[in-house]
Amino acid sequence: MEKWEQIHRVLQLYDQLRNGETINKSEAATRLAVSMRTIQRDISNIQEHLANSFSGQTIEYDAVKKGYVLTESTPKGIPAKEVLIISKILLESRVLSADEMKRMIDTLLAQSNTKNRKTIYTFVGNELLHYRPLQHNQPLIDIVWDIAESIQKKRFIEIIYERMDQQQKQHIVKPVAILFSEYYFYLIAFIKDSEHHSPVIFRLDRIRLLKQLNEPFSIAEKDRVEEGILRQRIQFMYSGNLVRLQFKFRGVTITPVLDRFPNGKIIRTLEDGWLVEAEVYGTTGCIMWLLSQGDKVEVTYPVDLREHMKKLIENMLYSYKEA
């Protein structure tokens, strides 16, 4: 009975604070028939809860009002200008299904007052009306969250994955990161008991079944995966061994190259360009980007990749020869 009385008392005090009322310890103690020390303990418990929930609220003593009040340490909601930016990025990404995108934009707009909501809607309303999701149109919010929980809890997951050829395969994997790149969410994971030590990449919309297993995994400090580092090395969402890549770039500016390869660095400035070095997992996706740059790019290392590029370019030239 005493425990329930304490809970009821704490909730009463919290409701008072949320309603903007001031709690005077002496008055509260008299009204609730407890000691001032008990009221102080209750206030401390509420304060601890607010701190642990990262609510942005705190309890402070107001000398003028001679009591405790609830204050906001951070502004409520998201600033309207940030809601606009986030909405624009989301719509351009086309990453969510039509239903999820509408729900997400509505949630964001709800963070602003009525006036700002109308202003924002004038900029995104037409895009939302004519929104076209990607061909798969799969709901993704829940699966992203489930994988994030598995990563946080360090639990193996079992997935059934559908490849591009529609063949499905079962895997038990150690999930280590979720990345978003050019329209798609990806799971970065290590296949359990695999002889390969490089991460494997799964596109989330192709996961047909996902189940969190009770089996935990551990990662040694030397093998710990940091999403930020992965992000710099996995630019093209193809798996493979870690490769040190060098190429000459002869464009007008080096900026787009360094944007594409966040860990890229200029080894040497040339008369007509730059020698760039970067680390990437696998070369399949990277080759497609290199080829897209035409004669602005010349791969210099590794040698086998340079030879492979030459062969691809020769094949392209042969395809364009007149019959």
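Asp205 is buried, with a relative accessible area of 5%, where buried means under 20% relative accessible area, exposed over 50%, and partly exposed in between (1.4 Å probe, protein chains only). The model is predicted, so that local features need pLDDT of at least 70 and side-chain atom pairs count only at pLDDT 80 or more, while totals for chains, interfaces and linings use all residues. Residues are numbered from 1 along each chain as its sequence is written, and side-chain values use heavy atoms, with hydrogens and water left out.

Asp205 forms a salt bridge with Arg203, and the closest N and O atoms of the pair are 2.9 Å apart. A salt bridge is defined as a side-chain nitrogen of Lys or Arg within 4 Å of a carboxyl oxygen of Asp or Glu. Arg203 is likewise counted as buried, at 14% relative accessibility. By this rule, the count comes to 14 salt bridges.

A further salt bridge joins Arg9 to Asp42, with 2.4 Å between the closest N and O atoms. Arg9 lies in helix H1 and Asp42 in helix H3 (residues 36-52), so the pair ties together parts that are 33 residues apart in sequence. Helices (H or I, at least four residues) and strands (E, at least two) are DSSP runs, numbered from the N terminus. Asp42 is buried, with a relative accessible area of 0%, and Arg9 is buried at 11%. Apart from residues up to four places away in sequence, Arg9 touches Leu32, Val34, Thr38, Ile39 and Asp42, where contact means heavy atoms within 4.5 Å.

The salt bridge between Lys310 and Glu307 has an N to O distance of 3.7 Å. Both residues belong to helix H11 (residues 303-320), where they are three residues apart, about one turn of the helix. Lys310 is partly exposed, with a relative accessible area of 39%, and Glu307 is partly exposed at 40%. In addition, a network of salt bridges links Arg250, Asp272, Glu298 and Arg306.

Glu158, in strand E3 (residues 155-162), is buried yet has no salt bridge. The nearest side chain of opposite charge is that of Lys211, 5.0 Å away; in this assignment Lys and Arg count as positive and Asp and Glu as negative, whereas His and the chain ends are not counted. The side chain of Glu158 does make a polar contact with the side chain of Gln170, at 2.2 Å. A polar contact is a pair of N or O atoms within 3.5 Å; within protein, one must be able to donate a hydrogen and the other to accept it, and residues adjacent in sequence count only if both atoms are side-chain atoms. Beyond residues up to four places away in sequence, the residues touched by Glu158 are Gln170, His171, Ile172, Leu209, Leu210, Lys211 and Leu213.

Thr58 is located in strand E1 (residues 57-62). The side chain of Thr58 makes a polar contact of 3.0 Å with the side chain of Gln47. When residues up to four places away in sequence are left out, Thr58 touches Gln47, Leu50, Val69, Leu70 and Thr71. The C-alpha atoms of Thr58 and Glu72 are separated by 6.5 Å, and the two residues are 14 residues apart along the chain.

On the surface, Trp4, Ile7 and Leu11 form a nonpolar patch with about 340 Å² of accessible area together. Patches are made of residues with over 30% relative accessible area and no salt bridge, like charges being joined within 9 Å and nonpolar side chains (Val, Leu, Ile, Met, Phe, Trp, Tyr) within 5 Å. Within this patch, Ile7 is placed in helix H1 (residues 2-18) and is partly exposed, with a relative accessible area of 35%. His197, in the loop between strand E5 (184-191) and strand E6 (200-203), is exposed at 70% relative accessible area. The C-alpha atoms of His197 and Asn241 are 8.3 Å apart, with their positions 44 residues apart along the chain.

For the protein as a whole, eleven helices and eleven strands are assigned. Of its 323 residues, 37% count as buried. Among contacts between residues at least 6 apart in sequence, 59% join residues at least 24 apart. The accessible surface comes to about 20800 Å², of which 52% belongs to carbon and sulfur atoms; accessible areas come from the Shrake-Rupley method with a 1.4 Å probe, and for residues, only the protein chains shown count as cover.
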